[in-house]
Amino acid sequence: MALKFLKASALCGGALVLSACVSITTAKAPLPPSDPLPPLPPPPAPAFEPSAEAVKAHMTFLASDLLEGREAGTRGYDIAASYVAGRFEELGLKPAGDYASYLQKTPLVSYASATKGKLALRSGGPKAKPVALVFGTDYLPGAQPNAAKVSVNAPMVFAGYGIVAPERGRDDYAGLDVQGKVVVVLTGAPSSFQTEERAHYAGGKTKRIEAAKRGALGVITLQTPMREKVRPFARGLNTWQGSSMSWRDKSGAVFFPGASAPPIATLSLDGAKKLLLGAPYGYEDIMRMAADPEGRTPTFALPKQVVATVDSKIENVQSANVAGVIEGTDPSLRDQVIVLSAHLDHEGIGEKPDKNGDKIYNGAMDNASGIATMLEVARGFMESPEAPRRSVLFLAVTAEEKGLVGADYFANNPTVPKGSVAANVNLDMPILTYPFQDVVAFGAERSNLGPAVRRAAEGMGVKLSADPLPEEGLFTRSDHYRFVEQGVPSVFLMTGFEGPGREAFTKFLTERYHKQNDDLDQGIDYAAGAKFAKLNYEIARELADMDERPQWNEGDFFGNLFGK
């Protein structure tokens, strides 16, 4: 009791004033008027934190043997598509496929070399005997999806790199009569071209379209010493019968731009020497000029004719993209759509087992990792207390490994109004075997997506780096490029080469890329997967909420080429 008395009296200055203190505290005198206290502001919304365990769970299922490598058009792929659709439904995304479902049916056509074909060169008149080139040593045959057999017996013209670039004042076809002839072009593009523009001009489709415009009957591509260092001709012997794909429209017609000038063959360095023998300029001169940064070579009619037969195996295939959408809330912006894409397919089951007896191409890094991180980005949007201003569509596409075909089908036949697709963020093959410190953001500097990407990266302490592999032409080799071709500003992030990145990336490319051992047994850093998901969430959030519509920068090459 003494302790309590002393404590109470101390509050009022001591024992002598205890009674006064009591009387004050028990009085009923009115309190002076005062304004009510303002309500406390709501606590800030917790920042989205992706789950490494969720990334691991998604990858573990998608890269399991049960899915048999997820090749487009197979049972394994269909299981994977059902899994992603189920996760979309579980998260609460609205179906954005066909007929109020999550699946967009994607009619495909598969094509591959059916035989080794025939390729011969003839000098002199029509009665002269053709000299056959050797399969696998001199040439590898082409394939195309419109006719099972293509036969040509025609003159040839050499068109250098086969590039038509008005912005550079360049036309490799200037002065050439191509009508009714086979065009011979060098693989690749000159090194002076900006890396992403070089990738566009080096593409086989781009060269085929230019040849077809001028009435060519077909295209033969010559390997160059520069290309041989990057992708040896002999490597093609392992994949020459691998299938590619295109898509069919509602009438059943195959989408194959430049179809009237199909690919006839790719020639090795030895094959190129034989083809150029007797030409106005010899092999050594042509290859020396081609290696110059501008790569300008003479173009001319060749003295030889080509006699060739190309046999293709063609088959209709059915697959599906998977699409779910979060509808935007801003009345002036919600009809604009930000698309986050990742390819769901991989290489399936191989004919020959590897040294461990494994035939299944599990595709853990390519691209179960991209799908897993995309699913985490979707969770981030759905759990956010604030819905995005623009609509955000999550898209798992088929047949990327066959030529970016599922993305091409969606970009040409979107399940939302075509003009509403405002931007694309693509997630493909993040290498998650190390704690990445930087990323390469392909395409970011070409549009007003760039500042959003930079803010998101810098906010996470992640550096933006330049393309470390310009010779690989990565900008045209993933699904975002099909959106670029439809005029949509796009960005594609690759984990970078800072710190342990170069060694980890190179190790993956040389030891596991498109091999059966791209599986779960490669020291995957799932925390890096969560970090990659966080970065892409922050980018997508910026794009979904910014006031200005995503658009190409004034004068940008791809904006001028496709954005009009």
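**A helix crossing and a cavity**

Modeller: In this predicted model, helix α12 (residues 449-459) and helix α15 (residues 526-545) have axes that come within 9 Å and cross at roughly 140°.

Biologist: Why is α12 called oblique to α15?

Modeller: Roughly antiparallel is kept for angles over 145 degrees, and roughly perpendicular for 65 to 115. The axes cross at roughly 140°, which fits neither of these classes, so α12 counts as oblique to α15.

Biologist: Which hand does the crossing of α12 and α15 have?

Modeller: That crossing is right-handed.

Biologist: And which residues make the contact?

Modeller: From α12 come L449, A452, V453, R455, A456 and A457, and from α15 come L535, E538, I539, E542 and L543.

Biologist: How do you know how the residues of this contact divide by class?

Modeller: Arg and Glu count as charged, while Ala, Val, Leu and Ile count as nonpolar. The contact therefore divides into eight nonpolar, no polar and three charged residues.

Biologist: Let's turn to empty space. How many cavities of 30 Å³ or more does a search of the whole structure find?

Modeller: The search finds one, and about 30 Å³ of space lies in the largest cavity.

Biologist: What makes up the lining of the largest cavity?

Modeller: K116, G117, K118, L119, Y139, P141, I264, A265, T309 and V310 line it. Two or more of the lining residues come from each of β3 (118-123), β5 (139-141), β12 (263-267) and β13 (300-326).

Biologist: Why does the lining have two polar residues?

Modeller: Gly counts as polar, and so does Thr, being outside the nonpolar and charged sets. G117 and T309 are both in the lining, so by class the lining has six nonpolar, two polar and two charged residues.

How values were computed. Residues are numbered from 1 along each chain as its sequence is written. This is a predicted model: local features need pLDDT of at least 70, side-chain atom pairs count only at pLDDT 80 or more; totals for chains, interfaces and linings use all residues. Side-chain values use heavy atoms; hydrogens and water are left out. Axes are lines fitted to C-alpha atoms, for helices over the stretch in contact, and angles run from 0 to 180 degrees between N-to-C directions. Helices (H or I, at least four residues) and strands (E, at least two) are DSSP runs, numbered from the N terminus. Angles under 35 degrees count as roughly parallel, over 145 as roughly antiparallel, 65 to 115 as roughly perpendicular and the rest as oblique. A crossing is left-handed if the near helix is turned anticlockwise from the far one by less than a right angle, and right-handed if clockwise. Contact means heavy atoms within 4.5 Å. On a 1 Å grid over the protein atoms alone, a cavity is a set of points where a 1.4 Å probe fits but cannot get out, and a pocket is an open set with protein on both sides within 12 Å along at least five of seven lines; lining residues have an atom within 4 Å of a point. Grid points are joined across faces, edges and corners, and a volume is the space filled by probe spheres set on the points.
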